[in-house]
Amino acid sequence: MRKSTLLLLLFAAVVALPLYARDRSHSYITYDDGGTVIRQAEDGREVDARINMPVFPGDEVTTSRGGRVEIRMADGNIIALDRSTTVFFKSILDSYDGDSEQTIVELRSGHVAIQRDEETRELLRLDTPNASYAASEAAIYAVEADAKNQDRVPVFDGTMEVRTPSRTT
């Protein structure tokens, strides 16, 4: 009896862990062509980014003048940072280390592209000083925040919502 109970618990753990892992994971870097720095939220240290390095809520990622980086978010969205770009991860949905209800990324300067595919359950909200941007369904779009506090937002596929203090479009 004891042996069968132990086997049943072991079987349940083997089946349940992959299901749980599918829902909660880490955001991590999938591409980096050099010069990307992550200022870690935990201790404020700056570390050089590398492929498969995790990104956590509170981290700030900055690309150099020649660098680009792509990050696969724990919620399934993908965000790509162009050269000379800085983003701050306010919260990350489905991350092991937090209980956030949404992924919120602040674009401090530069240019990012975001892919939200059919498999992604939740939207990624991108904030700039001027507006918040999000796609509720599959979409590919880019946002550029320049030094004059003007945003340029091309939408390559799908639709997105833009919220400013005065209106929502």
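Which residues are linked in a network of salt bridges? Arg39, Glu46, Glu60, Lys90, Glu106, Arg108, Arg125 and Asp127 are, and we'll get to some of them shortly.

**Before you click**

You're looking at a predicted model, where local features need pLDDT of at least 70, side-chain atom pairs count only at pLDDT 80 or more, and totals for chains, interfaces and linings use all residues. Residues are numbered from 1 along each chain as its sequence is written, and side-chain values use heavy atoms, with hydrogens and water left out.

**Stop 1: the whole chain**

Turn on the cartoon: the protein chain has one helix and 15 strands. Both come from DSSP runs, numbered from the N terminus, with at least four residues (H or I) for a helix and at least two (E) for a strand. Of its 169 residues, 35% count as buried; that label means under 20% relative accessible area, exposed means over 50%, and partly exposed is in between (1.4 Å probe, protein chains only). Show the surface and you have about 10100 Å² of accessible area, 52% of it belonging to carbon and sulfur atoms. That area comes from the Shrake-Rupley method with a 1.4 Å probe, and for residues only the protein chains shown count as cover.

As for contacts (heavy atoms within 4.5 Å), take those in the chain with a separation of 6 or more: 45% are between residues 24 or more positions apart.

**Stop 2: colour by confidence**

Now colour by pLDDT, the predictor's confidence in each residue, from 0 to 100. The chain averages 83, and 80% of the residues score at least 70. Select helix H1 (residues 2-23): confidence is lowest here, at a mean of 44, while strand E5 (residues 60-62) has the highest, at 97. Over residues 4-24 pLDDT stays under 50, and the model has nine contacts beyond four places in sequence for that stretch. Where pLDDT is low, the predicted coordinates should not be read in detail.

**Stop 3: strand E1 and isoleucine 71**

Select strand E1 (residues 27-32). Pairing here takes at least two bridges found by DSSP between two strands. E1 pairs in the antiparallel sense with strand E4 (residues 54-55) over two bridges, with valine 55 in E4 as the bridge partner of serine 27. E1 also pairs with E6, again antiparallel, over four bridges; look for isoleucine 29 opposite isoleucine 71 in E6.

Stay on isoleucine 71 and expand the selection. Leaving out residues up to four places away in sequence, isoleucine 71 touches a list that includes Ile29, Val55, Val61, Ile79, Leu81 and Phe89.

Next, the largest nonpolar core, which has 30 residues; Val61, Ile71 and Phe89 touch the most other members. The elements giving two or more residues to this core are strand E6 (69-72), strand E7 (78-81), strand E8 (86-91), E9, E10 and strand E12 (139-145). A core of this kind is a set of buried Ala, Val, Leu, Ile, Met, Phe, Trp, Tyr and Cys residues joined through side-chain atoms within 4.5 Å.

**Stop 4: strands E9, E10 and E11**

Select strand E9 (residues 103-116) and strand E10 (residues 124-127): they run parallel, joined by four bridges. Valine 105 stands opposite leucine 126 in E10. On to strand E11 (residues 132-134), which runs antiparallel to E10 with two bridges. A hairpin of four residues joins E10 to E11, and the bridge partner of leucine 126 in E11 is tyrosine 133.

**Stop 5: the salt bridges**

Side chains of opposite charge can pair when their charged atoms come close. The structure holds 12 salt bridges, each one a side-chain nitrogen of Lys or Arg within 4 Å of a carboxyl oxygen of Asp or Glu.

Show glutamate 60 and arginine 108 as sticks: their side chains meet in a salt bridge at 2.4 Å, N to O. Glutamate 60 is in strand E5 and arginine 108 in strand E9, 48 residues apart. Glutamate 60 is buried at 14% relative accessible area, whereas arginine 108 is partly exposed at 39%.

Then go to aspartate 127 and lysine 90, whose closest N and O atoms are 3.4 Å apart in another salt bridge. Aspartate 127 lies in strand E10 and lysine 90 in strand E8, so this pair ties together parts 37 residues apart in sequence. Aspartate 127 is buried at 7%; lysine 90 is partly exposed at 38%.

**Last stop: glutamine 102**

Where does glutamine 102 lie? Look in the loop between E8 and E9. Glutamine 102 is partly exposed, with a relative accessible area of 24%. Measure from its C-alpha atom to that of lysine 90, 12 residues apart along the chain, and you'll get 9.6 Å. Beyond four places in sequence, glutamine 102 touches Ser91, Ile92, Leu93, Leu123 and Arg125.
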